[in-house]
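Trainee: Let us go through the labels one by one. I want to know what each rests on.

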Amino acid sequence: MELVSQSNCFGGVQSVYRHRSEACDGEMTFGVFLPPQAKERPVPMLWYLSGLTCTHENAMTKSGMQSHAAEHGLALVFPDTSPRGEGVADDDAYDLGQGAGFYVNATREPWRRHFRMYDYIIGELPDLLKNELPVSGVWGITGHSMGGHGALTIAFRNPQLFRSVSAFAPIVNPTRSDWGRKQFSAYLGDDEADWANHDACLLLAEHGWDGDILIDQGSADQFLDLLRPEAMASLIVERRQPGILRMQAGYDHSYFFVASFGADHVRWHAERLKAA
């Protein structure tokens, strides 16, 4: 891990690292916040997956989560949303290619060489963090929009790795949304059976989740039709799945929304991770 920058933050340390990724076949950058408690012992970690067009920086600088993480003794990790750089496939559209990895392993050209964000998040980056930083093996995961999709699907598929899961305005049913169908077709091909492992509603319907779920959604979100929160709300009720989906009156899709409810999510994860 190459240290790019480091700053004191709420009694802890906010750092940015760069490393060579085998999964993504190139350099990847991520942010890590270590709370003051990490000076004394390994601490639980909360993963934050970001949305379309974002890098590791967006939530790191706009969510305000470090202050809450410092209070509860949680580390935070902010991965990038895709591989980047010269030679990495891209598209002119904002919602495909660099900045839009959708947390899948692409199987189609020209994406499959670099776009392996699923393997990066569940395997390569966790191994690196455990080896290099004072973090315990007790982890939760959250995310916003495309990152909320990633948090839910990755947690549902990997309960042995993540003990708690929440999301801000997630894309919960991408196989029925233009934020999903377009990208899955490009990355995975046109066989919709190959998409099912990347749809939170389909995964929850088939496998459930051994725990509870927290989702916050703004009622004034300009992308509500793409996010489809009603599909997840119905499924939680039908399955009698422990969970809370809160429609927050007047909030949109921005980081002002994320920052407004970040304290709730950090506290929610801290309670579950410390009890694990």
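**One helix, two sides**

Trainee: Which exposed residues does helix H8 carry on the face turned away from its buried side?

Mentor: Val 237 and Glu 238. Exposed means over 50% relative accessible area, buried under 20%, and partly exposed in between, with a 1.4 Å probe and protein chains only. Keep in mind that this is a predicted model, where local features need pLDDT of at least 70, side-chain atom pairs count only at pLDDT 80 or more, and totals for chains, interfaces and linings use all residues. Residues are numbered from 1 along each chain as its sequence is written, and side-chain values use heavy atoms, with hydrogens and water left out.

Trainee: What makes 229-239 a helix called H8?

Mentor: Helices are DSSP runs of H or I with at least four residues, strands are runs of E with at least two, and both are numbered from the N terminus. H8 takes in residues 229-239.

Trainee: Which residues of H8 are buried?

Mentor: Pro 229, Ala 231, Met 232, Leu 235 and Ile 236. Looking down the axis of H8, these residues stay within an arc of 155°, so they line one face. The arc is taken over the directions from the helix axis to the C-beta atoms. The general rule helps: an α-helix has 3.6 residues a turn, so residues three or four places apart point the same way.

Trainee: What covers that buried side?

Mentor: The cover includes H4, helix H6 (200-207), S8, helix H7 (224-227) and S9. Contact here means heavy atoms within 4.5 Å. After H8 comes Arg 240, with a positive phi near 55°.

Trainee: Why is strand S7 called largely enclosed?

Mentor: Count its residues. S7 runs over 164-168, and five of the five are buried, so the rest of the structure largely encloses it. Ser 164, Ser 166 and Phe 168 point one way, Val 165 and Ala 167 the other, and all are buried.

Trainee: How do you know which strands pair with S7?

Mentor: Two strands pair if DSSP finds at least two bridges between them. S6 (residues 135-143) and S7 have two bridges, in the parallel sense. Gly 140 is bridged to Ser 164 of S7, and Ile 141 to Val 165. S7 and S8 (residues 213-218) have four bridges, also parallel. Ser 166 is bridged to Leu 214, and Ala 167 to Ile 215.

Trainee: What is the hand of the crossover from S6 to S7?

Mentor: Right-handed, with the chain passing through helix H4 (residues 146-157). The label applies if, with the strands pointing away from the viewer, the path from the first strand over the helix to the second runs clockwise.

Trainee: What lies on the other side of S6?

Mentor: S6 also pairs with strand S4 (residues 43-49), parallel, over six bridges. Leu 46 stands opposite Gly 140 there. S6 is mostly covered, with eight of its nine residues buried.

Trainee: What makes S1 and S9 edge strands?

Mentor: The open sheet has nine strands in the order S1-S2-S3-S5-S4-S6-S7-S8-S9, with mixed pairing. S1 (2-9) and S9 (243-248) each have a single partner strand, so one side of each lacks a neighbour in the sheet.

Trainee: Why is Thr 107 not called buried or exposed?

Mentor: Its relative accessibility is 43%. That falls between the 20% and 50% limits, so Thr 107 counts as partly exposed. Thr 107 sits in the loop between strand S5 (75-79) and helix H3 (117-132). Leaving out residues up to four places away in sequence, Thr 107 touches Arg 112, Tyr 187 and Leu 188.

Trainee: How many disulfides are there?

Mentor: Zero. A disulfide needs a pair of cysteine sulfur atoms within 2.5 Å. The sulfur of Cys 24 has its closest cysteine sulfur in Cys 54, 17 Å away, too far for a bond.

Trainee: Are those cysteines buried or exposed?

Mentor: Buried: Cys 24 has a relative accessible area of 1%, and Cys 54 one of 6%.
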